[in-house]
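These are my notes from a session with the model open beside the sequence. I kept them in the order in which I looked things up.

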Amino acid sequence: MKLSVQDLNSHYGPAHILFDIALEVGDGEVVALLGRNGAGKSTTFRSIVGLVEQRSGRILFEGKDVSHQPTHAIVSRGLGYVPEERRIFTELTVEENLEVGRQPRRSNAPHWTREKLFALFPNLGEMRNRPGGRMSGGEQQMLTIARTLMGNPSLVLLDEPSEGLSPKIVEQMVDAILTMKKEGVSIVVSEQNLHFAKLISDRAYIIERGRICFGGTMAELDGRPDIRDAHLSL
Amino acid sequence: MAFYIVQFLTGLASAASLFLVASGLSIIFGVTRIVNFAHGAFYMLGAYVAFTLTDRFSGALGFWGGIVVAALIIAAVGVLVEMALLRRIYHSPELFQLLATFGLTLMVEDLVVLIWGPSELLGRRAPGFKGAVDFFGQNIPSYDLFLIALGPIVLGILWLLFQRTRWGVLVRAATQDRDMVAALGVNQKWLFTSVFAVGVFLAALGGALQIPRDAVHHAMDLRIIVDVFVVVVIGGLGSIIGAFVAAVLVSELNAFGILIFPKISIILVFLVMAAVLIVRPWGLFGKQEGPARRTPGLTVNPWRTLTSGERLAATAALIIAAALPLFSGNYALTIGSEIAIFVIFAASLHFLMAVGGLASFGHAAYFGLGAYGVAFLAKMAGLPMIVSLLLGPLLGCLGAAVFGFFAVQLSGVYFAMLTLAFAQIVWSIAFQWVTVTGGDNGILGVWPEKWAASPSHFYWLSLGIAALMVVGLRIVVFSPFGFALRATRDSPLRSEAIGIDGKRIQWTAFVIAGTVAGVAGALFAYLKGSVFPDSLGISLSVDALVMVLLGGVETISGAVVGAIVYKALNIWLVSQTDLSKLVLGAFIVLIVVAFPKGIVGMLETIRNRRRSASAKSALLASPIETAE
């Protein structure tokens with residue numbers, strides 16, 4: 001088991017956001033976390049990497065409990081995180097952005113170099129010295145994924161990678177994610193777009209108002225149109 | 001002509017140290033978002049340690065090695081400070097960070113006197129740079145030429161460090177988004193510590209390099225920190241290039257200002273700073289920041305007017321205070337008057353900080369202006385006491401109107417730095433313009449008239465005015481103006497969206513606070529019978545800040561309690577120890593780290609907790625950041 005989340009509860013100040021979240025991700029698996037805006041997808045990711053201070057529950061990454069570790073320690077174990085807002089360093093060039101993400105090589109995860117990433121995202125290779133602030137939304141999305149891959153993660157949390165992108169760029173994104181999967185990276189991808197999720201995922205969880213209300217394979221989800229219609233806006 | 005060129009080169013040489021210290025401050029601020037008030041103290045420590053090392057070890061190696069080793073030693077001290085103190089307050093409101101580092105400065109000032117003694121120390125000349133170069137009949141010290149070359153070299157090294165190393169890339173990334181850097185697996189703790197070490201190294205190096213030029217003394221920290229604040233305000237906080245350009249600009253203005261206004265040379269720097277602030281409030285090379293990030297307090301605590309019971313209690317306390325002359329002697333009454341005056345002063349700053357969200361580090365300027373106003377009117381114009389008392393504070397009002405206009409263009413740390421710089425400018429004028437202010441000798445013989453001359457009468461006068469001022473300020477807090485001011489404090493954007501002219505409101509608050517401080521200063525002049533530049537000084541501004549903090553920043557009238565407790569403690573402390581700054585500094589650091597809510601704030605929390613122990617409204621006490 002790559003990642004196992006048990007009884008995760010999170011609060012923002014006095015507000016209780018996540019209720020007893022349980023998730024599992026196998027080695028090399030791509031798992032979708034589906035749900036509407038505000039359902040708790042981003043908070044789940046932020047809680048896993050320790051960016052939400054008030055949280056309880058167990059988070060096992062490669063069998064080790066990381067729930068009491070600071071963010072940088074969790075991430076440098078090989079748990080990569082790509083935030084929804086992208087958070088590119090706008091003053092830094094593409095290459096410098098990648099440099100910030102660079103971590104030592106890991107035995108149980110694919111090794112990414114700049115050149116390998118420029119092959120995966122050819123657009124980035126053409127603008128190595130451009131500041132992050134002068135890139136389009138799609139290019140920034142590619143850069144934020146490439147930046148996380150520079151850390152040679154064995155698992156990546158991808159928060160809404162298709163959001164706000166043109167169909168053409170979304171296609172490239174699907175290809176990139178499938179390449180990552182082929183290289184052996186486990187992925188949890190949060191999505192509102194069921195179609196996109198189907199193209200890349202093996203299994204799916206549905207989250208609604210901070211609770212997991214479905215977990216199963218994509219085929220099982222297809223067999224339950226009631227759940228799909230109740231919890232996902234199409 | 002040659003004379004002007006030499007003057008220009010002297011200015012450039014002075015710019016080197018200023019640039020080193022200012023760039024260190026900028027680098028630290030960029031990543032940690034802390035304006036390190038203690039930066040001047042590290043500069044001073046660098047100079048003292050370098051003095052000792054170069055004195056102890058002879059030869060060229062002893063000198064240059066001593067300079068570098070001194071900077072390294074102080075950088076190591078900086079690392080300890082960062083780990084022991086700053087790590088605890090990175091998430092505190094910026095006011096607390098400013099105060100804690102200021103407390104550190106005070107401690108260092110006393111420690112330095114304790115270790116090296118109070119007298120000035122003359123350092124060694126630099127080996128190889130002892131002579132002077134003849135330039136068309138004018139002499140230029142060759143050490144100045146060395147410093148002129150050093151500035152651009154350090155600038156170049158810093159540029160390479162930030163552009164060409166992984167550390168530099170990480171620092172620049174963290175300057176923009178600290179959390180994202182952590183989310184990419186970088187341990188911020190050590191990044192912060194290393195940045196702090198580099199910044200402190202630069203400050204200490206700046207100090208160490210000054211020893212062949214200037215005497216080493218225990219007040220050099222405040223002198224440099226004011227210049228550095230002016231530099232970073234002009235150049236833009238966070239920009240190294242800005243620090244360089246502004247350091248050169250300020251040094252040249254100082255060098256030539258002496259030729260144009262020999263008595264009040266600092267005026268020229270002030271005019272340039274004002275011009276820059278109007279055109280680019282965030283500095284020549286700085287970037288515009290979003291609106292203020294946070295309220296100065298720790299929690300959002302709904303304010304309410306006093307209940308009738310509390311009103312009775314306050315009135316009773318006032319009556320008891322008024323009965324003091326019935327059972328105590330003249331000395332106690334003089335102290336009582338002084339405490340009443342400081343209640344007025346602290347309440348005025350508290351109004352600006354707690355209600356306006358504007359933490360002024362130079363509030364003594366308006367206190368002192370009020371005092372000088374009275375001295376001018378009573379001594380020079382010979383006006384009666386009542387008229388002087390009424391008109392004297394207007395000088396404070398005028399000063400607040402002029403400086404406040406510029407200060408409210410900025411917020412947060414910029415506001416703090418600017419108010420401190422303004423206060424220091426007013427202090428310099430009072431100190432240097434001897435023909436008008438008497439300079440260091442002050443203005444003597446400002447005694448109250450017969451009707452107020454006896455200690456009991458003067459005490460009643462001070463107490464009455466203090467009560468009036470505190471009640472008046474409370475009325476303002478709960479007036480529509482007060483609500484608009486609090487709205488601007490909590491959310492500049494939203495209050496602007498409902499039609500509140502934030503800048504005008506804050507300016508008005510600044511003028512109110514300055515005028516009330518002027519009232520306190522006016523009374524103070526009569527209490528002491530004299531006025532000195534000290535009444536405008538930084539230490540008085542800090543006293544006021546500590547009174548507010550001690551009472552509680554989030555309270556409505558905590559400053560009253562804070563002023564009484566602090567002033568009484570202070571008078572007692574000065575009679576007990578020579579190291580009052582050391583104790584005071586440690587006290588400030590302790591409050592910030594351990595009791596950030598202050599006396600009244602803690603009492604309120606305890607009362608709230610008791611009242612709502614069953615009602616489970618931890619909501620009031622839990623930290624809520626203003627969303628922006």
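I began with the pair Arg172(B) and Glu96(A), whose side chains form a salt bridge across the two chains, with 2.5 Å from N to O. I keep in mind throughout that this is a predicted model, so I write down each distance as a value computed from it.

I then asked how many salt bridges there are between chain A and chain B, and the count came to 3. Turning to polar contacts across the interface of chain A and chain B, I noted 9 residue pairs, with both residues at pLDDT 80 or more.

Next I looked up which helices of chain A supply at least two residues each to its side that touches chain B, and I found helix 2 (71–75), helix 3 (94–101) and helix 6 (137–149). Helix 3 of chain A gives the most to that side, with 4 residues. By class, the residues on the side of chain A that touches chain B divide into 9 nonpolar, 7 polar and 6 charged.

For the extent of the contact, I recorded 22 residues from chain A and 19 residues from chain B. The area buried between chain A and chain B is about 1900 Å², and carbon and sulfur atoms give 59% of that area.

I went on to salt bridges in the whole structure, where the search over all chains finds 26. I picked out the one between the side chains of Glu95(A) and Arg128(A), at 3.7 Å from N to O. This pair links distant parts of the chain, 33 residues apart, since Glu95(A) lies in helix 3 of chain A and Arg128(A) in the loop between helix 5 (122–125) and helix 6 of chain A.

My last entry concerns a helix pair in chain B. The axes of helix 14 (residues 330–355) and helix 25 (residues 538–551) of chain B come within 9 Å and cross at roughly 75°. Because of that crossing angle, helix 14 of chain B counts as roughly perpendicular to helix 25 of chain B.

Which residues meet there? From helix 14 of chain B I listed Phe342(B), Phe345(B), Ala346(B), Leu349(B), His350(B) and Met353(B), and from helix 25 of chain B I listed Leu540(B), Ala544(B), Leu545(B), Met547(B) and Val548(B). By class, this contact of helix 14 with helix 25 of chain B has 10 nonpolar residues, 1 polar residue and no charged residues.

Technical notes:
Residues are numbered from 1 along each chain as its sequence is written. Chains are lettered from A and ligands numbered from 1 in the order in which they are written. This is a predicted model: local features need pLDDT of at least 70, side-chain atom pairs count only at pLDDT 80 or more; totals for chains, interfaces and linings use all residues. Side-chain values use heavy atoms; hydrogens and water are left out. Contact means heavy atoms within 4.5 Å. Buried area is the accessible area (1.4 Å probe) that two parts lose on being put together, summed over both. A salt bridge is a side-chain nitrogen of Lys or Arg within 4 Å of a carboxyl oxygen of Asp or Glu. A polar contact is a pair of N or O atoms within 3.5 Å; within protein, one must be able to donate a hydrogen and the other to accept it, and residues adjacent in sequence count only if both atoms are side-chain atoms. Ala, Val, Leu, Ile, Met, Phe, Trp, Tyr, Cys and Pro count as nonpolar, Asp, Glu, Lys and Arg as charged, and the others, Gly among them, as polar. Axes are lines fitted to C-alpha atoms, for helices over the stretch in contact, and angles run from 0 to 180 degrees between N-to-C directions. Angles under 35 degrees count as roughly parallel, over 145 as roughly antiparallel, 65 to 115 as roughly perpendicular and the rest as oblique.
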